[in-house]
Structure formats: structure tokens, C-alpha cells
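Reader: I would like to go through a protein model by asking about its contacts. Please show me the sequence and structure.

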Amino acid sequence: MTTTMPVARPVPVRTTTPPRTRRQLPASAVLAAVWLGAALVIALWWHGTTSVTGLGGWLTNAGRITGLLAGYAMVVLLGLMARVPALERGVGSDRLVRWHAMGGRYSVSLVVAHGVLIWWGYAVTAHAGLLHQGNLLLTNYPDVLMATVAGLLLVGVGVVSARAARRRMRYETWYYLHFYTYLAVVLAFSHQFSTGAEFVSSAAARVVWSAMYLGVGVLLLWYRFLSPVRLALRHQLRVHDVRREGRDVVSIYISGRQLDRLGAEPGQFFRWRFLTKDHWWAANPYSLSAPVGSGLMRVTIKDLGDHSSLVDRLRPGTRVLAEGPYGGFIAGRRRRHKVLLLGAGVGITPLRALFETLPGGDDVTFVYRASSARDVVLRRELDAIAEARGTTVHYVLGSRRQLGHDPLSAANLVRLVPDLREHDVFLCGPEGMSSAARTALRTAGVPRRNIHHESFDF
């Protein structure tokens, strides 16, 4: 059934304007820069190649091209995951992850193709067997053995990143296995200069290539390792309180100094590391479930049976390391003054923060999908905010079997929000629900650019 819950007694809410959005790099500009870089890499090969003759020559040069593109692709992949704030805000964390995953598949394919084509091309040119030529490459050519180890590491990371493998491992295991990518890049770098024809004869190419790797390395070092330490020292984050919001949901209140200087916007998230013996090694992404204020931040976490099952044991005073803020799921992304907030499960936490802080002139509707009334999270707050805004929260309750239809179909969404196609939609929830909702919204006529979605699936 579709119901509107009774409005609870109002609690203090702040319908304020979110902080001004900081610098952003639009997704279109980032993609254009990536493709321009790829074109320049091919131009580098073209400039260093006078002629190609025979099957061996064609195979070897195909290997050179794939090797150059693989080296460039690794820099791009690391740059996408460097957690540069302008990228996170402009592109969005979930889109960056999707680009990284797709690019990772291409990169591994390029690495494998490079190795096979060079091996085959050299064997054809030398009129030697593949086994003999492979042994020569590994033992007589500088740094090829290290490059082979690097390639195997990248293939291994690619295998554990496949969807079927990811579903069988914990987030933390998958996260730490990816650090082998850094080792692979380091091992392969010297190989590029020692045997790459484009670099052996061109000092300028070596300088530019080194600057590209060094630049991304500095970004990684600063944003992924030094910035969290700097943030911890400046803001002195600690657990202030732990409050149970439902049968398997808790809110963690984190106190600190000068929290306004974080620049965190409603809808964004941090990667949190609670410094206890059970939590210190895991940095997990949780969205802010309320705007930052009064020296406190809040995250609301559902027990999903992994790291999240331990957070209710945290004690006040526990030190906290936080990386962020991240994500482009922010009010500044909207194009219209009519906004639909569409969520399910604990995915409503960033939506709840947006609900409170979207400008008062916006026409805001909230649709919350849950299996039952007791699965609704932060109900009192949502109803109090709705009363303060003069709007309604539509709670779509019941299982699909009980409802007998798709509760978030295009027809049902239009019934709840008759002028749906005139809205910007902020969507957050489990992947299955989000995917179905995106399809329904497109069917209802909502432009793709007006659907804002962020997912934490890995």
C-alpha cells in the first residue's frame, strides 16, 4: 500500500541554503581531456615510427601502441581514484568508480595484448619459436621480468574486481587488494624507459611521461594519505554519541573542531575510520545524514553484517579519521526548482540531509520506499522537516508480493508526482531498486541529465 504517515511532533530543523559549491570539473571536460591524452599517446608512437614492414613489424608495433596506451591508462585510472575534490564534486564518486571499473577492464586487456603482441612479433622477426623467444625476453631484455610480474599483478587485481568475485569478498579485502596496483605501476615504469623505443631516443618524451606519472603520484599522496592526517590533526574528530534509530540502524554523532572548514555539503559522504582494535584498519563510506552544525556531524548506518555490524559498540571519545568530503550528490547539481527525493532503505540518509537544506523556494517532494513501517529510518525527522517545508513524505510500504505490482513504476511515480518530468530527481537506495527506478523515471519522461544518483556498491 501507499500511505502518508501521520506527522510527528515537530523537532527543530534548519531549512537553510547549503554552502556554496566549490570548484568542480565537469564530466564532459574530464572525458575530453582523457581522450585528448590518448590521441597524444598515439601521436607519440607515430612520431617515433618511420616505417612498418612485414608481419613481425606489424605485430611489434601493435604491441608498442598497446603498451603505450596501457601505461597511459594506468595513470588515468589512478588519477580518477585520487579523490581530487574537484573531480569528486563535478563527476561524482559513483561515476568515477564506474569509469575506473570500465577503464580497468580495458587496461588489463591492453597489458595482456601488449605482452602477447611483442612476444609474437619478436618471435616472427627472429624466426624463433615462442618458448625460445619468451625466454630471451625474460632473461636478456632489461626490466622485462619486472614488467611481467607487474602484468600478472594487474591481471590478478582485474580478476578479483570481476562482479562475481566481488560478491564473494568483504569490501575491506577488495579494497586492500587494490593496493597491489601501485606496486604494479612502480614495477612497470622502468621497463617503459629501458625498452620503449619512443623513450630511448627522446629525452623530451621521457620528461613529459615522467611528469605525468609524478603529477598523479603527488595527487594520490596528498589526497589519499596526507589530507586525512591533516584533517585529523586540525579537527580532532571523536565519537560523541551512538544512538539506535531502529532494530538494525544506529546514528553515530562525531564531534570536532572547526567543522565548518571541512566544506561538507548535504548529500556528500566521508570514508570513516574508527580507531578501535576492531575498526582501525577499515575505512568505509557513509553519507552525512544531517547537515554539519553545532560542532557535530552525523552518519546513520544499517547493520549489513560486515564492518557496519560493529559500529553500535563504539564508545564516546573514540578517535575518528575521516577522508572527505566526497561525492557530487549535492543540491548544486539540480537544474530546476522542483525536486523529487526518491530513496529506499538506509539510502535515504543523504536525502534526509538534502531535504532539510534545499532552499526554501524549491518545490520538494520526498518518496520513501520500505518493506514495512518498522523499516523506515528517521521517520520523526522526515515528518518534522516536511511540516516545516509545507510538504508531504510519501511512504510506499509493503513487499512487492503484497503490493502486487512494481511500487516505483513510472505510472505510480507519476500518480505521486503528477508533474514528474519537470523535476530534478535525487535517487539513492539499493542497487536493484535504483536501477529499476532510473528506468521508471526515464519512462516517465525525466531527462537523464536531471536524474542524480550515487551508489556505494563496490
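Author: Questions and answers on salt bridges, cores and rings follow.

Reader: What kind of model is this?
Author: Residues are numbered from 1 along each chain as its sequence is written, and side-chain values use heavy atoms, with hydrogens and water left out. Local features need pLDDT of at least 70, side-chain atom pairs count only at pLDDT 80 or more, totals for chains, interfaces and linings use all residues, and the model is predicted.

Reader: How many salt bridges are there?
Author: A salt bridge is a side-chain nitrogen of Lys or Arg within 4 Å of a carboxyl oxygen of Asp or Glu. By this rule the count is 13.

Reader: Which residue forms a salt bridge with R98?
Author: Helices (H or I, at least four residues) and strands (E, at least two) are DSSP runs, numbered from the N terminus. The partner sits four residues from R98 in helix 4 (residues 93-126), so about one helical turn separates the two. The N to O distance is 3.1 Å, and the partner is D94.

Reader: Is D94 buried or exposed?
Author: Buried means under 20% relative accessible area, exposed over 50%, and partly exposed in between (1.4 Å probe, protein chains only). R98 has 47% and is partly exposed. D94 has 7% relative accessibility, so D94 counts as buried.

Reader: How many residues apart are K302 and D248?
Author: K302 and D248 form a salt bridge, with their closest N and O atoms 2.8 Å apart. K302 lies in strand 6 (residues 296-302), while D248 lies in the loop between strand 2 (238-246) and strand 3 (249-255). The pair links distant parts of the chain, and the separation is 54 residues.

Reader: Which residue forms a salt bridge with R273?
Author: The closest N and O atoms of this bridge are 4.0 Å apart, and the partner of R273 is E323. The pair joins strand 4 (residues 269-274) to strand 7 (residues 320-326). R273 is buried at 15% relative accessibility. At 7%, the other buried residue is the partner, E323.

Reader: Which helix gives the most residues to the largest nonpolar core?
Author: A nonpolar core is a set of buried Ala, Val, Leu, Ile, Met, Phe, Trp, Tyr and Cys residues joined through side-chain atoms within 4.5 Å. The largest has 33 residues, of which L80, V91, L96, W99 and W209 touch the most other members. Several helices each supply at least two residues, including helix 1 (27-47) and helix 2 (54-80). With nine residues, the one that gives the most is helix 2.

Reader: How many residues does the other core have?
Author: This core lies apart from the largest one, and among its members are A331, I348, I385 and V393. Its count is 25 residues.

Reader: What is the angle between the planes of F329 and F426?
Author: Rings of Phe, Tyr and Trp (its six-membered ring) pair if their centres lie within 6.5 Å; planes under 30 degrees apart count as stacked, over 60 as edge-to-face and the rest as tilted. The whole structure holds 14 aromatic pairs. F329 and F426 are both buried. Their pair is edge-to-face, 5.5 Å centre to centre, and the angle is 80°.

Reader: Which ring does the charged end of R243 sit over?
Author: A charge sits over a ring if NZ of Lys or CZ of Arg is within 6 Å of the ring centre and within 35 degrees of the ring normal. The charged end of R243 is 4.5 Å from the centre of the ring of Y253.
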